[in-house]
Amino acid sequence: MRLLFVTPRPFWPPRRGEQARLSGFLSRLAPRHQVLVVSLVPPGFHPTPAPLPVEQRYVTTRPWRPVTGILTHPWEPLQVGLHREPGLLRGLRESLAVFRPQVVVLMLSRMAWLLPHLEGAPTVVDFVDSLALNMRMRARFEPWLAPLWWWEAWRLSVWDRRVLALADAGTVVAERDRAAILGGQETLEPKLRVVPFGIPVPEEPLPRTAKAPTLLTTGNLGYFPTVQGILWFARYVWPRLRQKDPHLRWVVAGTRPSRRIRALARMGVEVVPEPENLTPLRQQATVAVAPLFAGSGTPIKVLEAMAWGLPVVTTPHAAQGLDGIPPGSLAQAQDPAGWYEAVAGLLDDPARAQAQAVTAHQWVKGRHELGQVAEEFERLLSSLSANR
């Protein structure tokens, strides 16, 4: 097949959720199909070569275009207006004429303003998650901006259902996002399917090399739900755990660490910005903690910790993004006392922690292994191409 992907940013390096999702798909699709990826990039962008046989084209966003896109389309969500770059439309038309794709994939609904210009090509919109749900959750934690987030959430809900009606198919990573996008509209249900987030899963969990009890938190350290959760844990849980065991370490590692995350070093937190390889940190960890109270989709770093054999403590909200997770594979906590008990319990009972890690690894391997998820997505693309 000839597959055209249109993205709001290059897929490589995969620092964000949709970049990691697309790079995972492409690692399996590119060796068997012709793939062209057209991406928006900021001025002065310098591409990082991707280790995949994929043709890439870049469209530079002019500095004033995001504002112009919002002002000229005030009825659309801000996220859509920010990505209305005429150069992208020209690049798309050229790609349609020269590359002649058999299927077009638009990554995230913010790119779906291009739908009317696809000249009848079968189209999948990979929403990944429900951004409207994300905005609604954020409104609860930022009351001073709540009116803006609620307004944007409402507009995104309307937009996403309109997009789904126009597209041939849509995909999300979890059932809660599917329900949020559908909004009870039964006529759209056949179009939107769950294709889980795929990650590489080792055959066996990593061997532990921890010399001291160590907590590990990873993720995009500039992303609001991650930052908010880490700061909450640092304020309400970490001091009590450290008082119980002064030798306890807490390592926070990830991309784009905010100033407030870096400042946690004053509290004895080991902040590792832009780690080249998370494997040694996972091997040295005892328990993964993911205090996520907001956000949408599937908590990727929870999946990755489970895949590498770490017991995980997270929130009920994050667990809602893990469809079909079996009992005994995840510790959940909501308030400070519950978090302290959950983390301390795993630290004090290695046998229990190991049993939880093994159960979680088996579940991740059965549902989120990258190869089988990519095959599911490929089957969807093949069905659309065959029906053209």
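Here are three short exercises on the structure above, each with a worked solution.

This is a predicted model, where local features need pLDDT of at least 70, side-chain atom pairs count only at pLDDT 80 or more, and totals for chains, interfaces and linings use all residues. Residues are numbered from 1 along each chain as its sequence is written, and side-chain values use heavy atoms, with hydrogens and water left out.

**Exercise 1: overall build**

Work out whether the radius of gyration of the protein agrees with that of a compact globule.

Step 1. Grab the rule: 2.2 Å times the number of residues to the power 0.38, with the radius taken over C-alpha atoms.

Step 2. For 388 residues the rule gives a value near 21 Å, and the protein has 21 Å, so the two agree.

Step 3. Add the outline: the C-alpha trace spans about 65 × 45 × 45 Å along its principal axes.

Step 4. Now look at cover: 56% of the 388 residues count as buried (under 20% relative accessible area with a 1.4 Å probe, protein chains only; over 50% is exposed, and in between is partly exposed).

**Exercise 2: two residues with positive phi**

Find out whether Val128 is buried or exposed, then do the same job for Glu274.

Step 1. Place Val128: it sits in strand β5, residues 123–128 (strands are DSSP runs of E, at least two residues; helices are runs of H or I, at least four; both are numbered from the N terminus).

Step 2. Check the angle: phi of Val128 is near 65 degrees, which is positive, and the residue is not a glycine.

Step 3. With a relative accessible area of 9%, Val128 is buried.

Step 4. Turn to Glu274, in the loop between β10 (270–273) and α11 (279–284). Glu274 isn't a glycine either, yet its phi is positive, about 50 degrees.

Step 5. Glu274 has 39% relative accessibility, so it counts as partly exposed.

**Exercise 3: the second largest pocket**

Say which element gives the largest share of the lining of the second largest pocket.

Step 1. Know the term: on a 1 Å grid over the protein atoms alone, a pocket is an open set of points with protein on both sides within 12 Å along at least five of seven lines, and lining residues have an atom within 4 Å of a point.

Step 2. List some of the lining: Arg138, Phe141, Trp144, Phe224 and Arg260 are among the residues there.

Step 3. Two elements give two or more residues each, α5 (131–141) and α8 (224–236). The largest share, four residues, comes from α8.

Conventions:
On a 1 Å grid over the protein atoms alone, a cavity is a set of points where a 1.4 Å probe fits but cannot get out, and a pocket is an open set with protein on both sides within 12 Å along at least five of seven lines; lining residues have an atom within 4 Å of a point.
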